[in-house]
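User: I'd like to learn how to read a few features of a structure. Please take me through them one by one.

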Amino acid sequence: DSSSAGQEDDRERRGISERASLDKRALRRSFLDNLLYVQGKFPRLATKNDYYLALAHTVRDRLMQRWISTAAAYTTQCSRTVCYLSAEFLMGPHLGNNLINLGIYDVAAEVVGELGLDLEDLLYQEEEPGLGNGGLGRLAACFIDSLATLEVPALGYGIRYEYGIFHQTLSDGWQVEKTDKWLRFGNPWELARPEWAVEIKFGGHTEQYTDEHQRLRVRWVAARIVNGVPYDTPILGYHVNTANTLRLWKAEAPESFDFGQFNRGDYAGAVTQKIVSENLSKVLYPNDEQEAGKELRLQQQFFFVSCSLQDMLRILQIQRIPVEKFHEKFAVQLNDTHPSIGVAELMRLLVDEQLLAWDTAWDITCKSFGYTNHTLMPEALERWSLPLFQRVLPRHLEIIYEINARFLDQVRIRFFGDEARIARLSLIEEQGPRYVRMANLACVGSHAINGVADLHTELLKQDVLKDFYELCPEKFSNKTNGVTPRRWIVLANPRLTSLITETLGDGWIRDLDLLRGLESHIDDAAFVQRWQAVKRANKADLATHIERRLQISIDPDSLFDVQVKRIHEYKRQHLAALHIVALYCRIKANPNIEMVPRTFIFGGKAAPGYHMAKLMIKLITAIGDVVNFDPDVRGRLKVAFLPNFSVTNGQRIYPAADLSEQISTAGKEASGTGNMKFQMNGALTIGTMDGANIEIMEEVGKENFFQFGLLTPEVYAWQARGYRPQECYERSPALREVIDLIGSGYFARGDSSVFKPLIDVLLRYDPYFLLADFDSYVACQDEVSAVYKDKHRWARMAILNSARSGKFSSDRTIRQYCSEIWNVDKVPVRLLSQEDVEA
Ligand code: GPW
């Protein structure tokens, strides 16, 4: 009956609150202990960073038991394991996320609060591990969060770069890069495992020999050996005992000195050797979607892939699983082609070292690998010049030739006489200088190939990977990207989290589809009002941050129009810039014109060698320098370029956005994932029909999405017809005024040379169709402003956007990978007691 149920509830609540207070006392005790025993400080002398580290260790201590229990469960059950191979993991700060996933964020805030500290302050002490460039690396981070939350056995394998993505500052509006010394103050989240170090070979030559069974074999005599040392970071799931592992490899010299060299008196030579080895994992290449073909980059890729595959073989051995069952134990996913050398390396390990027959090895290899493609941009497709490849990986080149010969034999039978097709499918590009094509290697060596959004997968099938699709259509599938709601809502947006949880309970955090429940509150005036208050408070926080950073005043009631992402011509930050100038021209023509006040917020890094991208940053900041201070504007327009966009900064920005700019040329953005973070946090999207924008619009409905621009087939048609941007310029007076004003040097103190390269490209070639889309974009933005005037209507649309964002949880994405590609099941973890662990 209800009264006894009530009593039980009560007892349980009391139980929980007793446990909580116990947790709290224990937390406080170990926090202060760690300050003393780990940092060697007492409170009066402790810096904020000491307090951060003390708290980090307190959390780490609580992770350890889960980590050990997880390892024990996986070892005893010999469970099938996902190995996610990625050159990038853009994790973001660990402390806040671990507090959330452990369920002790609020208690920790109380504990540090009672000691006169502010938890947020301590969280900002953490230097984020920026071991990625952008979307691709961040996707890997969201995926390992979801894998742990879904209790799926998984290892993330990558490189422990000593320097992550550069720190961006602005000087006179130009990007300046500073090194990212993220390990400067130590890293409490990782554990070195030197006992599992492996040797990696480079260069040299190959030799044939006959083994004891008179079989012809090949041995690789390397010129150089480098050690790979694994550094492990626990990845805790949300409110589960599962703590998976992110295993990142650091390169070290095999001996600290070459004593031969040393004794011969060549001290400098010996030290040079060491430096050369350690350079391997020194720095992340900061190019996003731009293949540079650098030798060190190929070495990095081979280094971490070989380390990881050797590690998998070691795991097989300790679990006494025969090497023939490699593919039953491991599902190995290639995050783009960066780790695709793994196909040849696994063949080498199985054939040359494990002495398996070629066909057996090939069967295992194909069954093990899956390949995810992340781009349609031709300049991002990896190819290695043959001489370079031969120099670094002579044995792998032989193996690739053998794979290719066998593969093309089959193709010749299927497509008799179709030499053009054979040339396109070949792993080697033969016209002109010869190259190894890594996407072809990945396709041939994988049983599954996927794109990252519906449109992207369709374009792969029709275009970039058409020949492979025609050969093996059954290998292809789509896995639309997602992002983790733990970091991108719960951690980043505590106000929204409280509102949703008070409205729906907290089930949505593990099952984001439950956000649909918000739809029934759309007519509840009190709910809508609270929703608006959350957004207003988030905007006020960001306004304060911008004012501090950039010394410009920001009106939190203005429309926050945000574009944050890597700077690329195809992403078209300069289209947004043209729109700002168009609005500015309207004001100058009619200073009393009525206009919805807007704050344009930009953030993003340009690859250091990408001059046009750097000029796009300069254009935005230069427009800001005029618009922000022109008295005619009277504060109706503000332009802020926030330097050093990162995971940390993203967490401040997404929750404060009203409008999400997703304006890439149709057919260019594989998926986008920032678009999803904005949507979850209740921003409306202005976007092209590109990448996952299409699926976002499908989910929220056309009426809750601002669509503009050419469609992909229209872009193709314009290209085929011969696109003349000059005609758009001549036809549109608004566009002409904008282009002419920028071209005149108005935003460069009269110097017309500064933006000339950018304007010239637009008028002559405009490869990304800015001028073609300009009028449509401006008209759509006018519609945005009109809707924003009706605050209530805007709020309802925003709520519907959040409510309908369930599809874009990376939990959904990972469930699909697990059932449709990896064939893995969850393995719940029982928490071992102290005694279990010690037994
Ligand atoms: F070129 N992406 C990225 F495909 O951030 F390798 N960096 C990259 O180097 C590549 C792709 C690569 C991004 C895509 O641009 C973005 O559309 C997608 O959402 C993201 O990868 C994750 O799939």
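User: Start with the ligand. How far is its oxygen atom from an N or O atom in the side chain of tyrosine 570?

Analyst: A polar contact is a pair of N or O atoms within 3.5 Å; within protein, one must be able to donate a hydrogen and the other to accept it, and residues adjacent in sequence count only if both atoms are side-chain atoms. Here, the distance from a ligand oxygen to an N or O atom in the tyrosine 570 side chain is 3.3 Å. For the side chain of histidine 374, the figure is 2.6 Å. Alanine 670 takes part through a backbone N or O atom, 3.3 Å from a ligand oxygen. The protein covers 96% of the 480 Å² of accessible area that the ligand has on its own (Shrake-Rupley method, 1.4 Å probe).

User: What should I know about the model itself?

Analyst: The model is predicted: local features need pLDDT of at least 70, side-chain atom pairs count only at pLDDT 80 or more, and totals for chains, interfaces and linings use all residues. Residues are numbered from 1 along each chain as its sequence is written, and side-chain values use heavy atoms, with hydrogens and water left out.

User: Which residues come nearest to the ligand?

Analyst: A residue is near a molecule if one of its heavy atoms lies within 4 Å of it. Of 18 residues around the ligand, Glu289, His374, Asn481, Glu669 and Gly672 come nearest.

User: How do I read an aromatic pair?

Analyst: A pair of aromatic rings is described by the distance of the centres and the angle of the planes. Rings of Phe, Tyr and Trp (its six-membered ring) pair if their centres lie within 6.5 Å; planes under 30 degrees apart are stacked, over 60 edge-to-face, the rest tilted. The count here is 23 aromatic pairs. Phenylalanine 706 and tryptophan 794 are stacked, at 6.1 Å between centres and 25 degrees between planes. Both residues are buried (under 20% relative accessible area; exposed is over 50%, partly exposed in between; 1.4 Å probe, protein chains only). Ring pairs also join Tyr84, Phe143, Tyr817 and Trp822 into a cluster.

User: Where does a charge sit over a ring?

Analyst: The test needs NZ of Lys or CZ of Arg within 6 Å of the ring centre and within 35 degrees of the ring normal. Arginine 314 places its charged end over the ring of tryptophan 196, 4.3 Å from the centre. Lysine 677 does so over tryptophan 488, at 4.4 Å.

User: Why does lysine 250 count as buried?

Analyst: Lysine 250 counts as buried because its relative accessibility is 18%. Its side chain makes a polar contact with the side chain of glutamate 252, at 3.4 Å.
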